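Visitor: I should like a close look at one part of this model, followed by an account of how other parts are packed. Please define each term as it arises.

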Amino acid sequence: MGSPSPCWLMIGLTLLLWPGIAWSGETIHVAVAANFKPLFVSLANRFEQESGHTVLISSASSGKLFAQLQQGAPFQLFLSADMARPRQLQQEGLAVADSLFPYAIGRLILWSPDPKRFADGTQPLTDGLLNKIALGNPRSVPYGQAAQETLHSLGLTQKYADRLVFAEDVGQVLAFVLSGNADAGFLSLAQIIDRQGNPRPGSFWTVPPSLHHVLQQGAVRIKQPKMAEPTLELVRFLRAPTTQAILQQQGYHAPPAMPSEQP
Amino acid sequence: MDLWISPHDWQAIKLSLLLATITTALLLVGGTPLAWWLATSRRPSRLWVEAVVALPLVLPPTVLGFYLLIFLGPNGWLGSLWHSWSGHTLSFTFSGLVIASLLYSLPFVIQPLQRTFETLGKPTLEAAWSLGAGPWDTFWHVVLPLARRGYLTAGVLGFAHTLGEFGVVLMVGGNIPGQTQVIAILLYDHVETVNYGQAHLLSSLLLGFSFLALLGIFYLNRHTNLGTR
């Protein structure tokens with residue numbers, strides 16, 4: 001058998017390179033905090049259709065992504081669940097100066113798949129009725145830190161000291177609760193709202209925001225040699241009124257406007 | 001050295017050592033009948049059992065962890081059984097971790113034992129029987145002493161393997177200090193929160209221990225015979 005005819009080689013090469021050829025746009029790598037990921041996937045789809053660019057999403061807890069970025073992870077945009085980590089990246093010179101902006105305000109809830117758990121008038125948390133509560137690891141998950149603050153504000157830290165289960169991110173919190181291994185979990189409201197705006201079957205307690213730090217979620221552009229312009233396009237897309245309207249339907253509040261509006 | 005190992009780290013080390021000890025002991029004792037059966041049985045079902053026992057060797061730990069998340073949970077078979085028996089849930093507890101580790105390290109104990117029993121050879125057993133030794137007697141006084149090195153190998157392998165358990169614990173552990181926060185999980189935690197000093201410490205401890213364990217095993221088995229004279 002002789003070597004394949006050049007015709008087949010050309011076809012093979014074309015098929016291999018097709019993804020690169022077909023998309024005339026650029027590829028933007030985005031690091032997204034776990035709570036925002038499901039919504040961001042659908043937002044990114046719309047952005048891709050409108051702009052012709054491709055968005056590659058990596059998701060984990062804010063702390064994990066922050067640590068990766070400090071080690072040179074190749075992301076162009078970092079959507080954290082807090083402001084502190086993006087701010088520190090700016091201070092360390094890893095992020096573009098003055099590119100920090102809040103993209104959403106998160107809501108912390110205590111959720112259970114049992115519709116009767118948080119029925120009107122019941123206070124299972126303060127009544128000490130929950131056997132196991134899942135929350136994100138406060139060291140690396142901003143929503144987990146807010147959960148810990150909530151328990152502290154309510155004076156329940158001692159009572160629940162040996163009933164807490166720590167997850168890697170809010171996604172794993174949901175997994176622990178859905179599988180029944182934890183009675184309830186501290187999640188972001190956005191996680192239990194589907195794309196049509198309907199909540200998952202279950203019940204929850206909306207944690208009064210005064211009990212924890214403001215879950216102001218910040219985004220920052222990372223200093224990278226390429227993709228500056230497409231990344232800016234994505235940033236503008238995120239801050240557009242249409243996107244903000246979607247955010248508010250999906251469990252977030254609109255962020256305050258930054259004093260210095262830098263594009 | 002003591003100045004650098006925080007109480008938190010010590011807790012994880014002690015927990016891992018306890019977990020590895022209990023798991024290895026249970027596997028050595030409970031695994032002996034299974035290994036013996038695998039070594040001596042000629043039934044066709046042996047093939048299937050061997051494959052199941054070897055499964056944790058190739059199965060991604062996250063797969064095992066995922067299934068355990070379901071089965072140890074209140075809706076799972078084992079979880080609900082445990083709950084009705086003890087009133088507590090199995091997930092996120094040390095007991096749950098022991099069960100996970102038993103599955104995770106199963107082949108690392110069973111297989112060396114099985115190989116050892118296989119190399120004992122019929123003639124030795126038949127010699128014992130022809131001299132009037134009953135099955136128990138044969139096992140205690142003939143098989144076990146000859147299988148000494150196999151037990152040592154199985155024990156060291158099982159222990160070292162359980163000590164480094166990570167993926168499974170990440171899925172079902174809940175990262176609870178004193179209950180499920182084993183060394184590898186705490187190490188991961190340190191790396192994720194950029195505590196590289198403590199990460200280096202735990203890491204080198206595990207590396208050193210694993211290497212010594214392997215060195216020990218290879219030294220034990222430096223002759224090709226496993227326990228036979």
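Visitor: Which residue just after helix 3 of chain A takes a positive phi of about 90 degrees?

Guide: The residue is Gly72(A), which follows directly after helix 3 of chain A and has a positive phi of about 90 degrees. The model is predicted, so local features need pLDDT of at least 70 and side-chain atom pairs count only at pLDDT 80 or more, while totals for chains, interfaces and linings use all residues; side-chain values rest on heavy atoms, with hydrogens and water left out. Residues are numbered from 1 along each chain as its sequence is written, and chains are lettered from A and ligands numbered from 1 in the order in which they are written.

The helix before that glycine spans residues 62-70 of chain A, and seven of its nine residues are buried, so the rest of the structure largely encloses it. Buried here denotes under 20% relative accessible area, exposed over 50%, and partly exposed the range in between (1.4 Å probe, protein chains only). Helices (H or I, at least four residues) and strands (E, at least two) are DSSP runs numbered from the N terminus. The buried positions of helix 3 of chain A are Ser62(A), Gly63(A), Lys64(A), Leu65(A), Phe66(A), Ala67(A) and Leu69(A). From chain A, their cover includes strand 1 (27-33), strand 2 (54-60), strand 3 (77-79), helix 4 (84-91) and helix 5 (142-153). Chain B contributes to this cover with helix 11 (183-192).

That helix of chain B deserves separate attention. The axes of helix 3 of chain A and helix 11 of chain B come within 9 Å and cross at roughly 65 degrees; axes are lines fitted to C-alpha atoms, for helices over the stretch in contact, and angles run from 0 to 180 degrees between N-to-C directions. Gly63(A), Lys64(A) and Ala67(A) make the contact from helix 3 of chain A, and Tyr188(B), Val191(B) and Glu192(B) make it from helix 11 of chain B, where contact means heavy atoms within 4.5 Å. By class, these residues comprise three nonpolar, one polar and two charged. Ala, Val, Leu, Ile, Met, Phe, Trp, Tyr, Cys and Pro count as nonpolar, Asp, Glu, Lys and Arg as charged, and the others, Gly among them, as polar.

As for chain B itself, its secondary structure consists of 12 helices and zero strands. Its C-alpha atoms fill a box of roughly 65 × 45 × 30 Å along the principal axes, and 45% of its 229 residues count as buried. Of the contacts in chain B between residues at least 6 apart in sequence, 72% join residues at least 24 apart.

Helix 5 of chain B (residues 94-104) is mostly covered, with eight of its 11 residues buried. Those eight are Phe94(B), Gly96(B), Leu97(B), Val98(B), Ile99(B), Ala100(B), Ser101(B) and Tyr104(B).

A helix pair within chain B comes next. Helix 7 (residues 122-130) and helix 8 (residues 135-146) of chain B have axes that come within 11 Å and cross at roughly 155 degrees. The two are therefore roughly antiparallel; that label applies over 145 degrees, with under 35 roughly parallel, 65 to 115 roughly perpendicular and the rest oblique. Thr124(B), Leu125(B), Ala128(B) and Trp129(B) of helix 7 of chain B meet Thr138(B), Val142(B), Val143(B) and Leu146(B) of helix 8 of chain B. This contact holds six nonpolar, two polar and no charged residues.

Aromatic rings supply further links, with 14 aromatic pairs over all chains. Rings of Phe, Tyr and Trp (its six-membered ring) pair if their centres lie within 6.5 Å, and planes under 30 degrees apart count as stacked, over 60 as edge-to-face and the rest as tilted. Phe36(A) and Phe40(A) have ring centres 6.1 Å apart and planes at 35 degrees, so their pair is tilted. Both Phe36(A) and Phe40(A) are buried, and ring pairs join them with Tyr103(A) and Tyr252(A) in a cluster. In chain B, the rings of Phe117(B) and Tyr151(B) have centres 6.2 Å apart and planes at 65 degrees, so that pair is edge-to-face. Phe117(B) belongs to helix 6 (residues 106-120) of chain B and Tyr151(B) to helix 9 (residues 148-163) of chain B, so the pair ties together parts 34 residues apart in sequence.
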